[in-house]
Amino acid sequence: MSIESLRADIVEIGRRMYARGYTASNDGNISVRIDASRLLMTPKSVCKGFMTPDMMCVTDLDGRKLQGDRDPSSEMLMHLEVYRQRPDVQAVVHAHPPTATGFAVAGIPLDRAVLAEVLTTLGSIPLAEYATPSTVELPEAVRKYIKAHDGMLLANHGALTVGGDLYSAYYKMETIEHFAKISLVARTLGRENLISREEVMRLQELRGTYGIKAPAPICADDAMPAVSDPASCQVVQAPEGGGLRLVPDPPSHAGETAARSGVASVEAGEIRLTYRELSALIEDAIRSLR
Ligand SMILES: [Zn+2]
């Protein structure tokens, strides 16, 4: 692919990210391999919705600028780390899509077996631990998961996706945000039916049938996360179905599942209040202060 068409593709993807609200102001960054030794990257301090092809920077794989009037992205170190860890990756996209980033702020990975298409394409979407943006901490946080995953959440920051070309990396960002929105609705409704472990393994076989290139298989077992290595397989929360393909996750078990996925811990001696009871308590407290 010519460098001119890569420049044009980055402009178009930046425009789509901004139009969809995945970035605000100058957030987000996009890069692509030009050849074995050069990258094309968005510049720092520009709105991704209003870029022109001439704005892009050409760098080497160590981040030295070879061409361009502007300096490369402030998150260049994270992009360089991905290319170092994943020779198969051709393009990297980083943005702050609001629903997925909300999960990242809440500390909730998108790793439950809920949507068949997400399982076949991305597998699980883990949560990389918090790191100060633009510093060497961020590539370090990403390194843990990037070998086995094409997409991840970045704690209290945003999301990162990679692919075999620019559009494939960008579409994974769309998939993550879409998945986050659906998960939010299901959880707001109070229940998620999970895809059983057996069905997850069946879906994994479809990757081969459809020629989907996944960087790693789904881990065979999620019962002991300590045994599952996020660098070698994708940890997916999927219950044994015992013949069922969908397993209801009723509210009575929600706390247990939440605890397992690190969402919240259910302590002994916990009290539960309805919204009305809580409001009444707060009103009483305010009244007693007057
Ligand atoms: Zn960012």
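## Salt bridges, rings and an oily patch

The structure holds 16 salt bridges, each one a side-chain nitrogen of Lys or Arg within 4 Å of a carboxyl oxygen of Asp or Glu. This is a predicted model, where local features need pLDDT of at least 70 and side-chain atom pairs count only at pLDDT 80 or more, while totals for chains, interfaces and linings use all residues. Residues are numbered from 1 along each chain as its sequence is written, and side-chain values use heavy atoms, with hydrogens and water left out.

### Charged pairs

Side chains of opposite charge can pair when their charged atoms come close. Here are three such pairs from the model, listed with their N to O distances.

| Acidic partner | Basic partner | N to O distance |
|---|---|---|
| Glutamate 12 | Arginine 16 | 2.9 Å |
| Aspartate 35 | Arginine 38 | 3.0 Å |
| Aspartate 60 | Arginine 64 | 2.9 Å |

How well covered are these partners? For the labels, buried means under 20% relative accessible area, exposed means over 50%, and partly exposed is in between (1.4 Å probe, protein chains only). Aspartate 60 is buried at 13%, whereas its partner arginine 64 is exposed at 52%. Salt bridges with shared partners also tie Arg86, Asp88, Asp150 and Lys172 into one network.

Back in the first pair of the table, glutamate 12 and arginine 16 both sit in helix α1, four residues apart, or about one turn of the helix. Glutamate 12 is partly exposed at 22%, and arginine 16 is partly exposed too, at 27%. As for the second pair, aspartate 35 comes out partly exposed with 31%, and arginine 38 is partly exposed with 28%.

### Rings

Now for the aromatics: the structure holds three aromatic pairs. Rings of Phe, Tyr and Trp (its six-membered ring) pair if their centres lie within 6.5 Å; planes under 30 degrees apart count as stacked, over 60 as edge-to-face and the rest as tilted. Tyrosine 18 and phenylalanine 50 make an edge-to-face pair, with 5.6 Å from centre to centre and 65° between the planes. That pair links distant parts of the chain, since tyrosine 18 belongs to helix α1 (residues 3-19) and phenylalanine 50 to the loop between β2 (38-41) and β3 (57-60), 32 residues apart. Tyrosine 18 is partly exposed at 32%, while phenylalanine 50 counts as exposed at 59%.

Why is the pair of tyrosine 170 and tyrosine 171 called tilted? Their ring centres are 5.7 Å apart and their planes meet at 50°, so the pair gets that label. Tyrosine 170 is buried, with a relative accessible area of 0%, but tyrosine 171 is partly exposed, with 39%. Both rings belong to one aromatic cluster along with Tyr167.

### The overall fold

Zooming out, the chain has nine helices and 10 strands, taken as DSSP runs (helices H or I, at least four residues; strands E, at least two) and numbered from the N terminus. The C-alpha trace spans about 65 × 60 × 30 Å along its principal axes. With 290 residues, a compact globule would have a radius of gyration near 19 Å, and the chain's 21 Å agrees with that. This radius is taken over C-alpha atoms, and the globule rule is 2.2 Å times the number of residues to the power 0.38.

Buried residues make up 48% of the 290 residues. Of the contacts (heavy atoms within 4.5 Å) between residues at least 6 apart in sequence, 65% join residues at least 24 apart.

### Surface and backbone

The chain exposes about 14500 Å², and carbon and sulfur atoms supply 56% of it; such areas come from the Shrake-Rupley method with a 1.4 Å probe, and for residues only the protein chains shown count as cover. One nonpolar patch of about 430 Å² is made by Leu273, Leu278, Leu281, Ile282 and Ile286. Patches are made of residues with over 30% relative accessible area and no salt bridge, joining like charges within 9 Å and nonpolar side chains (Val, Leu, Ile, Met, Phe, Trp, Tyr) within 5 Å. Isoleucine 286 is found in helix α9 (residues 275-289) and is partly exposed at 42%.

Finally, a look at phi. Most residues other than glycine have a negative phi. Serine 134, however, has a positive phi near 70°; this serine 134 lies in the loop between β6 (127-128) and α5 (137-146) and is partly exposed at 39%. Asparagine 156 also has a positive phi, near 50°, in the loop between β7 (151-154) and β8 (158-163), and is partly exposed at 48%.
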